[in-house]
Amino acid sequence: MEEINNVEVVPCTESDYLKPFRVHYNQNGTKKSWDFMRTHDSVSVLIFNTTSHCFVLVKQFRPAVYMCEWERTKTQPPQSAEKTEEGASEAAAAAAPAPESQEGQSASEGESSPQWPPASAGVTYELCAGLVDKPGLSLEEIARQEVLEECGYDVPASKLKRITSYRSGVGVTGAKQTMFYAEVSDDNCVSAGGGEPREGELIEVVKVPLHEAMTFAYNERIPKTMGVIFSFIWFHNNMSPKYKISTNV
């Protein structure tokens with residue numbers, strides 16, 4: 001997953017996922033313009049394994065995150081290859097103890113050109129999620145498919161609990177994401193997950209023990225989405241009292 005090379009940035013003139021627009025409008029008598037991106041809505045799922053008392057997340061390389069890190073490091077003084085490797089190792093060491101990976105973790109082999117950050121700079125921990133791009137399927141059915149494809153658990157759509165929905169990236173996209181909660185057990189696990197290779201997905205399934213969840217959520221050295229933090233807090237407030245279990249807050 002973390003062996004990234006031959007990076008090339010080119011203009012995006014056509015995409016099935018992003019469509020840029022500029023809107024002109026008047027607000028309180030003032031003419032304004034705003035650039036935005038039309039994207040798909042999405043679903044996400046907080047998965048809790050009741051057998052092992054752990055949360056099931058996904059770990060994957062995000063090119064957009066990687067490129068943002070590249071832009072950030074361009075403005076910093078150049079470092080020697082030895083220091084760059086040392087810094088990447090320290091960051092990996094900080095993130096490694098919390099999650100328990102089913103496939104193991106590997107560091108970048110250093111094949112990228114020296115001006116590029118290590119591939120680990122683009123890796124994030126996220127909730128299982130997917131785009132709402134399947135006409136005819138309910139949000140619950142789409143979420144169920146994502147749980148099966150990405151994490152390997154077969155959960156009936158009727159067992160998914162809707163947590164809430166919210167707008168994400170409101171300054172750029174304004175797309176809506178709907179978040180669900182799913183309880184699974186080892187009996188529900190029918191495959192190793194990993195995503196759909198035909199769609200270009202390369203996903204690693206990661207388990208975060210319940211007692212380490214809030215430490216994981218607030219550790220800024222572990223790259224994660226806001227959905228992970230919010231859902232862990234939601235679980236602590238709504239599910240922990242029910243099960244009389246601690247999230248180590």
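Hi everyone. The structure I'm showing today holds 6 salt bridges. Before I walk you through some of them, please keep in mind that this is a predicted model.

Let's start with Arg 22 and Asp 35. These two form a salt bridge, and their closest N and O atoms are 2.5 Å apart. The pair links distant parts of the chain: Arg 22 belongs to strand β1, which covers residues 19-27, while Asp 35 belongs to strand β2, and 13 residues separate them. How open to the outside are these partners, buried or exposed? Arg 22 counts as exposed, because its relative accessibility is 55% and the cut-off for that word is over 50%. Asp 35 has a relative accessible area of 44%, so we call it partly exposed.

While we're on strand β2, let me point out a neighbour in the sequence. Strand β2 runs over residues 30-38, and Trp 34 has its place there. Trp 34 is partly exposed, at 46% relative accessible area. Which residues join Trp 34 in a nonpolar patch on the surface? They are Val 23 and Tyr 25, and the three together have about 270 Å² of accessible area.

Now for a salt bridge inside a helix. The side chains of Glu 69 and Arg 72 meet with an N to O distance of 2.6 Å. Both sit in helix α1, residues 63-74, and because they are 3 residues apart there, about one helical turn separates them. Arg 72 is partly exposed at 41%, and Glu 69 also counts as partly exposed, with 24% relative accessibility.

The next pair is Glu 146 and Lys 134. Their side chains meet in a salt bridge too, at 3.8 Å from N to O. Here again, distant parts of the chain are linked: Glu 146 is in helix α3 (residues 139-151), and Lys 134 is in the loop between β7 (128-131) and α3, 12 residues away. What is the status of Glu 146, buried or exposed? Glu 146 is buried, because its relative accessibility is 5% and buried means under 20%. Lys 134, on the other hand, is partly exposed at 26%. There is a third member to add: Asp 133, Lys 134 and Glu 146 make one network through salt bridges that share partners.

Let's leave the salt bridges and look at Ser 42. You'll find Ser 42 in strand β3, which spans residues 42-49. With 13% relative accessibility, Ser 42 counts as buried. Which side chain does the side chain of Ser 42 join in a polar contact? That would be Gln 177, at 2.9 Å. If we set aside the neighbours within four places in sequence, Ser 42 is in contact with Gly 130, Leu 131 and Val 132, and also with Lys 176, Gln 177 and Thr 178. So Gln 177 turns up in both descriptions, as a polar partner and as a contact of Ser 42.

My last stop is Ile 222. Look for Ile 222 in the loop between α4 (213-218) and α5 (226-238). Although Ile 222 is in a loop, it counts as buried, with a relative accessibility of 2%. Where along the chain does Thr 124 lie relative to Ile 222? The two are 98 residues apart along the chain, yet 7.9 Å separates their C-alpha atoms.

That's my tour. Thanks for listening, and I'm happy to take questions!

Notes
Residues numbered from 1 in each chain as written. Predicted model: local features only at pLDDT ≥ 70, side-chain atom pairs only at ≥ 80, totals over all residues. Heavy atoms only, no water. Patch = residues over 30% accessible without salt bridge, like charges linked within 9 Å, V, L, I, M, F, W, Y side chains within 5 Å. Areas by Shrake-Rupley, 256 points an atom, 1.4 Å probe, with all protein chains shown as cover. Salt bridge = Lys/Arg side-chain N within 4 Å of Asp/Glu carboxyl O. Helix = DSSP H or I, 4+ residues; strand = E, 2+ residues; numbered from the N terminus. Buried < 20%, exposed > 50% of the residue type's maximum accessible area, 1.4 Å probe, protein only. Polar contact = N/O pair within 3.5 Å; in protein donor to acceptor, adjacent residues only side chain to side chain. Contact = heavy atoms within 4.5 Å.
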